Amino acid sequence: MPEPYTGEPRVGFLNGERLYLRPVEPDDLPVMMRIANDPELRGLTGGVRPMSRSGADAWLASIEADPARLWFAVVLRERDRVIGEAGLLRIFHEWRAADMTVILADRSSWGKGYGTEAANLVIEHAFGALSLHRLAVGVVAANARAIRFWESLGFQREGIQRDGCFSAGRFHDFIMMSLLSTDHRPTRKGQLHPHGR
Ligand SMILES: CC(C)(COP(=O)(O)OP(=O)(O)OC[C@H]1O[C@@H](n2cnc3c(N)ncnc32)[C@H](O)[C@@H]1OP(=O)(O)O)[C@@H](O)C(=O)NCCC(=O)NCCS
């Protein structure tokens, strides 16, 4: 169970105005299990593997041991509520490149700017402290919301993996998108916005 909300400001590893990102804790795993097991979310993300509680424990141990992954729980400051996960995977320092993900499990938290705030924290950390240059995402073509979301963060479409994903009984194109550190400039608040916005 999460700690009771005391009204005191929480300090995470990466800190935004309305939410913060901190390492995933065992108590957060029901949220990650929902992300893995929910049919609608699986359709949007291309996820295929079910996740049991023991599988979730093993997953947490594997991400902690994997230097190519940096994974966070997305926690709303209000009531200290975990609403999803965000992070980097396939970090390849030699190329200064990584893949990125943001998934909010709770539908009631979609469309309120939380994804944008979480993504900007990860992007700022990736291009700042980690000195990465390129972040990439792959999006199931039917996930129009996610494509718009990554575009609004400055990600550009760079290609299509035709039938790149098999999910819910059929093939889907997989839209490859990327963001370069040179595409962005920090704002006064340390958030990142595409040039010209
Ligand atoms: C995709 C996701 C991370 C976006 O986070 P969010 O908090 O819902 O998005 P935001 O409120 O920050 O909105 C960011 C942008 O996304 C787009 N967007 C948000 N809701 C949208 C909707 N219902 N329809 C189309 N575009 C939408 C808009 O461009 C919006 O920018 P704007 O507010 O300036 O118009 C979140 O909806 C989610 O986790 N969805 C399910 C899992 C998923 O698809 N993850 C991505 C896998 S690649």
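# Getting to know the sheet and the ligand site

User: Do β5 and strand β6 (residues 134-140) run parallel or antiparallel, and how many bridges join them?
Analyst: Let's start in the sheet of this predicted model. One pair that links the two strands is Asp 99, which stands opposite Ala 136 in β6. As for direction and number, β5 and β6 run parallel, and the bridges that join them number 3.

User: How does β5 pair with strand β4 (residues 81-92), and how many bridges join the two?
Analyst: Here the hairpin is a helpful clue, since 4 residues lie between β4 and β5 in it. Further along, Gly 84 stands opposite Leu 104 in β5. These two strands run antiparallel, and the number of bridges joining them is 7.

User: Which residue in the hairpin of β4 and β5 takes a positive phi?
Analyst: Look in the loop between β4 and β5. The residue there has a phi near 55 degrees, a positive value in a residue other than glycine. With a relative accessible area of 42%, it lies between the 20% and 50% limits and so counts as partly exposed. The residue is Arg 96.

User: Where is Arg 79, and is it buried or exposed?
Analyst: Arg 79 is found in the loop between β3 and β4. Its phi is near 65 degrees, again a positive value in a residue other than glycine. Its relative accessibility is 59%, and the limit for this class is over 50%, so Arg 79 counts as exposed.

User: What is the order of the strands in the sheet?
Analyst: The sheet is open and has 8 strands, with mixed pairing. At its edges stand β1 and β7 (156-167); each has a single partner strand, so one side of each is left without a neighbour in the sheet. Reading across, the order is β1-β2-β3-β4-β5-β6-β8-β7.

User: Which residue in β2 is the bridge partner of Asn 15?
Analyst: Strand β1 (residues 14-15) pairs with β2 in the antiparallel sense over 2 bridges, and a hairpin of 3 residues joins the two. On the other side, 5 bridges join β2 to strand β3 (residues 70-76), also antiparallel. One residue of β2 links to both neighbours: its partner in β3 is Val 75, and its partner in β1 is Asn 15. That residue is Tyr 20.

User: Why is strand β2 (residues 19-23) described as largely enclosed, and how many of its residues are buried?
Analyst: Buried here means under 20% relative accessible area. Most of β2 passes that test, so the strand is largely enclosed by the rest of the structure. The count of buried residues is 4 of the 5.

User: Which side chain makes a polar contact with the side chain of Asp 28?
Analyst: Asp 28 lies in the loop between β2 and α1 (29-37). At 5% relative accessibility, Asp 28 counts as buried. The side-chain contact spans 2.7 Å, and the partner is Arg 22.

User: Which element supplies the largest share of the shell around the ligand?
Analyst: The ligand sits in the largest pocket, with 20 residues surrounding it. Elements that each supply at least two residues of the shell are α2 (39-45), β5 (97-104), α4 (114-127) and α5 (144-152). The largest share is 6 residues, and it comes from α5.

User: How much of the ligand's accessible area does the protein cover?
Analyst: Among the closest residues are Leu 104, Thr 116 and Asn 143. The side chain of Asn 143 has an N or O atom 2.7 Å from an oxygen atom of the ligand, while a backbone N or O atom of Lys 112 lies 3.1 Å from a ligand oxygen atom. Of the 920 Å² that the ligand has on its own, the protein covers 76%.

User: How far is a backbone N or O atom of Gly 113 from an oxygen atom of the ligand?
Analyst: Gly 113 lies in the loop between β5 and α4 and is partly exposed, with a relative accessible area of 33%. Its C-alpha atom is separated by 9.6 Å from that of Arg 18, although the two are 95 residues apart along the chain. From its backbone atom to the ligand oxygen atom, the distance is 2.6 Å.

Conventions. Residues numbered from 1 in each chain as written. Predicted model: local features only at pLDDT ≥ 70, side-chain atom pairs only at ≥ 80, totals over all residues. Heavy atoms only, no water. Buried < 20%, exposed > 50% of the residue type's maximum accessible area, 1.4 Å probe, protein only. Pairing = 2+ DSSP bridges. Near = heavy atom within 4 Å. Polar contact = N/O pair within 3.5 Å; in protein donor to acceptor, adjacent residues only side chain to side chain. Areas by Shrake-Rupley, 256 points an atom, 1.4 Å probe, with all protein chains shown as cover. 1 Å grid on protein atoms, 1.4 Å probe; cavity = no way out; pocket = protein on both sides within 12 Å on 5 of 7 lines; lining within 4 Å. Sits in = over half its atoms within 2 Å of the grid points.
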